[in-house]
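Work through the exercises below with the model open. Each task is followed by a stepwise solution.

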Amino acid sequence: MSATAIATRPAARLSAPGIVRSEWIKLRSVRSTVWSYAIIVVVSLGMAALMASTISFVGEIPAEAHGSYVVQASTFGIFFGQLIVGVLGVLVISGEYSTGMIRSTLTAVPKRLPALAAKALVLFLTTLVVGLVSVFGSFAIAAPILAGEGIQPDLSDGIVVRDLALSALYLALVAVFSLGVGTILRSSAGGIAAALGTILLLPTVFQVIAGLTQAEWASNIMPYLLSNAGMGMFSESMDGTGLEQWQSLLVVLAWAAVSLVGGALLLKRRDA
Amino acid sequence: MIQAEGLTKRYGDKTAVNDISFTVKPGMVTGFLGPNGAGKSTTMRMIVGLDRPSEGSVIVNGKPYAAHTAPLREVGALLDAKAIHTGRSAYNHLLAMGATHGIGKARVNEVIGLTGLESVAGKRVGGFSLGMGQRLGIAAALLGDPATLILDEPVNGLDPEGVMWVRQLARHLAGEGRTIFLSSHLMSEMALTADHLIVLGRGKIIADAPVAEILATSTRTAVKLRSPRADQLAQLLQGADVTITTTEHDALTITGLTAPVIGEAAAQAGIPLHELTPVGASLEEAYMELTQDDVEYHAGTTATITEEAAR
């Protein structure tokens, strides 16, 4: 009797593509995800239109600076988007802890790490696509407006396109960083506070310290903070003493990697 | 088939599960019985690898749960009816769970039908009643058509119809040769559903035997009788190992004597009987007795220690 029952059972097997598909279904089937991404795109496009049309120029802008003006106008939404993505990245895992869903997830994927890896991959790719849509959409809005002001960057060297793509990459890496934070802290409130604190508050804190004490170490540390390094990935540093773009990229990668690896170690070790 | 060997779980200095070994066999329903806090849920979580044992090990169908290539095919588990994201629909929850194993829409719709969730499958789980959440948890457990089913308090929050349904489902799946491991703190439920019982108290196994055997070993088997001359009969039946309690003026409950012995004694004395009923111990009583023994054992040890200290 049991033999026939077992023979007719459907073929099923735990696989990496299956786990990725599962995480994709999870990401798209919760309303907050869809809303968050929609807001990023809408706000980015709106900001770009606003920035491009209200920017006022005094005197002649040198031709080599045209590119960075356009990039600045097109990536303004990233400043805002990093906060939304910071919350979303935390919620993707903390929402599973608060509802108990994590126990279902880890029962289906008992080795645990593939589940976190799939979450990170899906979140990274989705955010990257949303980021690319946002910045290139913003570019499509801002460029014609700025062209009317006589700012027409030379696109032939690909620097503008590269910088726009890097800003979307930064957004995706912030999402991964926040996922790691959420995995470590397992709570929505704590995770969001920690992620947004890192993105928003840390630069201010160090700025205040540097301003009050004139301490050199405080200003030296500034370019290595997550959001500062992120801005450094796609725009020239404001005071000219910062890191190269590729160095900033490495710093952001390190933030995301340390956070995610920390989360992975704890996820593997702890009882669910 | 579930095999646990010296399974122990400690949280700090509190021992939730204390060195238990047991086997849950296929083709029958095994009940896992114990009061709240006895360690049932912890044991079940260790079986599917959610909690790591402090000592000992547990294997399912020959391997640790995580070592299987298709864990959901080996074990379906309902560990907590609330282990579901409240912002997602029931359908998408099942679809996401199944996707990990390449289980598609056809099977998802099948388990939705099987658990009677058709009308609410598209709704967000946050609005579900406890009973619907329980059904969804059972649907998720059935997703992989597993050879072993672990259900922690499956009838919690279900209406009488739902309770009946779980009972029949468990019996049916066991009939197909699967391993069914069912926990409850409701002994009456177990008496109706389980073939075999593992009774847990304070993290230790108190009993591991067929249901019938646990009932039979109970010393509480009693005989109820009614007679117009109950007082006279009570005097007649008095003895060293016999307990007689008068429940009403014409009714007695007697332990320590069997119904035939009482009947013959009454006939010889010419006392008429209006009723003579052997009363089997209920599983509740058997269970209370088992846990009571456990408590007495602890009390006994304390007494011995005190005596030794006094000497």
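**Exercise 1.** In this predicted model, find the residue of β6(B) that stands opposite Gly76(B).

Solution.
- Start at Gly76(B) and look across to β6(B): Leu149(B) stands opposite.
- Now place the strands. β5(B) covers residues 75–78, and β6(B) covers residues 148–152.
- Check the sense. β5(B) and β6(B) pair in parallel, over four bridges.

**Exercise 2.** Trace the sheet that holds β5(B) and β6(B), and name its edge strands.

Solution.
- Write down the order: β5-β6-β7-β3-β8-β9 of chain B, six strands in an open sheet.
- Classify the pairing. It is mixed.
- Look for strands that pair on one side only. These are β5(B) and β9(B), the latter spanning 204–210.
- Add the twist: from one strand to the next it averages 15°.

**Exercise 3.** Why is one side of β2(B) and of β4(B) left without a neighbour in the sheet?

Solution.
- Recall the general point: strands of a sheet pair through backbone hydrogen bonds, parallel or antiparallel.
- Set out the sheet. Three strands of chain B form an open, antiparallel arrangement in the order β2-β1-β4.
- Draw the conclusion. β2(B) (14–24) and β4(B) (55–60) stand at the edges with a single partner strand each, so one side of each lacks a neighbour in the sheet.
- Inspect one pairing. β1(B), residues 2–11, runs antiparallel to β2(B), and seven bridges join them.
- Pick out one bridge: Tyr11(B) is partnered by Lys14(B) of β2(B).
- Give the average turn between neighbouring strands, direction ignored: 20°.

**Exercise 4.** Which strands does helix α1(B) touch, and what angle does its direction make with that of β1(B)?

Solution.
- Locate the helix: α1(B) runs over residues 40–47.
- List its contacts on the sheet. They are β1, β2 and β4 of chain B.
- Compare directions. The angle with β1(B) is about 120°.

**Exercise 5.** Summarise chain B as a whole.

Solution.
- Count the elements: eleven helices and 13 strands.
- Take burial next. Chain B has 311 residues, and 42% count as buried.
- Turn to contacts between residues at least 6 apart in sequence. In chain B, 69% of these join residues at least 24 apart.

**Exercise 6.** Describe the side of chain A that touches chain B.

Solution.
- Count both sides: 35 residues of chain A contact 39 residues of chain B.
- Assign helices. α1 (2–7), α2 (16–28), α3 (31–54), α5 (76–99) and α6 (101–108) of chain A each supply at least two residues.
- Sort the chain A residues by type: 15 nonpolar, eleven polar and nine charged.

Conventions:
Residues numbered from 1 in each chain as written. Chains lettered and ligands numbered in written order. Predicted model: local features only at pLDDT ≥ 70, side-chain atom pairs only at ≥ 80, totals over all residues. Pairing = 2+ DSSP bridges. Axes fitted to C-alpha atoms, helices over the stretch in contact; angles between N-to-C directions. Contact = placed C-beta atoms within 7 Å. Nonpolar A, V, L, I, M, F, W, Y, C, P; charged D, E, K, R; others polar. Buried ≥ 20, exposed ≤ 12 C-beta atoms within 10 Å, placed from the backbone.
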